[in-house]
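User: I am new to this structure. Please walk me through the reasoning behind the labels used for it.

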Amino acid sequence: MQWEVVIGLETHTQLSTASKIFSGAPTRFGAEANTQASVVDLALPGTLPVMNRGAVARAICFGLSIGATIAPRSVFARKNYFYPDLPKGYQISQYELPVVQGGTVTIQVPANEKTGQEGYEKIIELTRAHLEEDAGKSLHEDYAGMTGVDLNRAGTPLLEIVTEPVMRSAAEAVAYAKTLHSLVMWLGICDGNMQEGSFRCDANVSVRPVGQKEFGTRAEIKNLNSFRFLEEAINYEVRRQIELIEDGGTVVQETRLYDPDRRETRSMRSKEDAHDYRYFPDPDLAPLLIGADWIARVRSELPELPVAMQARFMQDYALSAYDAAGLTSSKAVASYFEAVLAKVGSAHAKLAANWIMGEVASQLNRAGLEMAQSPVSATQLALLLARIADSTVSTKTAKEIFLAIWDERAEDETAADRIIDAKGLRQISDSGALEAIIDEVLAANPKSVEEYRAGKEKAFNALIGQAMKATRGKANPQQVTELLKQKLA
């Protein structure tokens, strides 16, 4: 039987406010346990929650960026459940009237060499994005068989972003999660730190026979905090459900956890439905009213969005969709690219794109650094690219210079020129000098000359190699190629 996979994601995005959603308690990560939980976060008698305006502004910002409807009136509700890390016995969230309704996110699904699947674009429809508070955290380590509870995270503002069940593979889910992760960081509404839990996904996964309209029974995989784990968890869960059904079993609706060590999901608890939470409007919070003037103000402060910037890069710099998408993968990368172009000129946009997504990205990955931490500044790279463009150095030599700037953490903007002069790396571009060297190479290698004239193309490459060796790699390769062809003709 052929099976179709159905996936929807719920993403908990921690908003970048300095204080919690309903109290003035700080949201700093890593503080000593239970030092950042106020009486409001714990809902002690006599306390009342007060809405954090900054959290609402960030929700509006996100809604505008995805073309969603911003509800003029939304309502907070109490979601009742009982866990040790939820001392109130309920979570303040939104249910029937969320602040952000609808919207879309466009994703680029990369090609898969193993399956031969080509890359493609897909629009992911969102159901909603609602504001809510986070719960605390249960700690099971080093407590001699007991569990400790840290309530520092209780009350931290979250924007839960929910998609329609429109994804059909783990690859699509990962592409969506990466796009969403980049967007919330681009907007500055979330720091995106997945290790600290600032961005974590719940995946609702089910399978159904191809052609069937009704959805299968879904399992929800909770708290996936890396893209690799998200992909592995979905692929495992799909296999588990298909094997279970084909063996005559039945998939039950439940919440599951992913064990990255065993690369498998395991049952956590039965999955609750909405009525199990007994939602009702929070009596301590008035409805949230968002006027048109507030929406207009937030809209005027929106940065240029990645999709718009990609279109501009393709239009203004004749870059491919692939290059434009790579250069807008984060605001830091886009800013670095534009800073390089401001120095080297837009005529060299393709050269700059190749270097930023190639050599620069590779070095950053090896060093575990973000673009903002690059030891090679945009100004330094721009000068190096200018020296490639004016044939002062070859691409191969430029890579050596780049690594030298990287390693010495040079602060001077003219580091490339200094290293070129200090190491004598300038290319030989003088036609007369190169002609004399090529004449010597041809005279010393008559066999290669004969083989080339007999139709053996490899002989030509051998002659180029000899010419480069004679100049200790300083000759302009393009000039050497042209002069050799002229001489041999």
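The questions below go from the whole chain to single residues.

User: What kind of model is this?

Analyst: This is a predicted model. The chain has 15 helices and 17 strands.

User: What makes the chain more spread out than a compact globule?

Analyst: Set its radius of gyration against the globule rule. The rule gives 23 Å for 489 residues. The chain has 29 Å, well over that value, so it is more spread out than a compact globule. The C-alpha atoms fill a box of roughly 95 × 55 × 50 Å along the principal axes.

User: How much of the chain is buried, and how much area does it expose?

Analyst: Buried residues make up 47% of the 489 residues. The exposed area is about 24,500 Å². Carbon and sulfur atoms supply 51% of that area.

User: What share of the contacts joins residues 24 or more positions apart?

Analyst: Among contacts with a separation of 6 or more, the share is 68%.

User: How far apart are the mean positions of the positive and negative charges?

Analyst: They are 2 Å apart. The chain has 53 positive and 64 negative charges.

User: Why is Thr17 called buried?

Analyst: Buried means under 20% relative accessible area. Thr17 has 8%, so it counts as buried. Thr17 lies in the loop between β1 (3-14) and α1 (53-65).

User: What does Thr17 touch, leaving out residues up to four places away in sequence?

Analyst: Thr17 touches Thr27, Asn52, Gly54, Ala55, Arg58 and Pro157.

User: What makes the pair Thr17 and Ser19 a polar contact?

Analyst: The limit for a pair of N or O atoms is 3.5 Å. A polar atom of the Thr17 side chain lies 2.7 Å from the backbone oxygen of Ser19. That distance is within the limit.

User: Why is Ala318 called exposed, whereas Arg278 is called partly exposed?

Analyst: Exposed means over 50%, and partly exposed falls between 20% and 50%. Ala318 has a relative accessible area of 69%, so it is exposed. Arg278 has 47%, so it is partly exposed.

User: Where do these two residues lie?

Analyst: Arg278 is in the loop between β15 (264-270) and β16 (280-281). Ala318 is in the loop between α5 (306-317) and α6 (321-327).

User: What is notable about phi in Arg278 and Ala318?

Analyst: Most residues other than glycine have a negative phi. Arg278 is not a glycine, yet its phi is positive, near 50°. Ala318 is not a glycine either, and its phi is positive, about 55°.

Conventions. Residues are numbered from 1 along each chain as its sequence is written. This is a predicted model: local features need pLDDT of at least 70, side-chain atom pairs count only at pLDDT 80 or more; totals for chains, interfaces and linings use all residues. Side-chain values use heavy atoms; hydrogens and water are left out. Helices (H or I, at least four residues) and strands (E, at least two) are DSSP runs, numbered from the N terminus. The radius of gyration is taken over C-alpha atoms; the globule rule is 2.2 Å times the number of residues to the power 0.38. Buried means under 20% relative accessible area, exposed over 50%, partly exposed in between (1.4 Å probe, protein chains only). Contact means heavy atoms within 4.5 Å. Accessible areas come from the Shrake-Rupley method with a 1.4 Å probe; for residues, only the protein chains shown count as cover. Lys and Arg count as positive and Asp and Glu as negative; His and the chain ends are not counted. The place of a charge is taken as NZ of Lys, CZ of Arg, CG of Asp or CD of Glu. A polar contact is a pair of N or O atoms within 3.5 Å; within protein, one must be able to donate a hydrogen and the other to accept it, and residues adjacent in sequence count only if both atoms are side-chain atoms.
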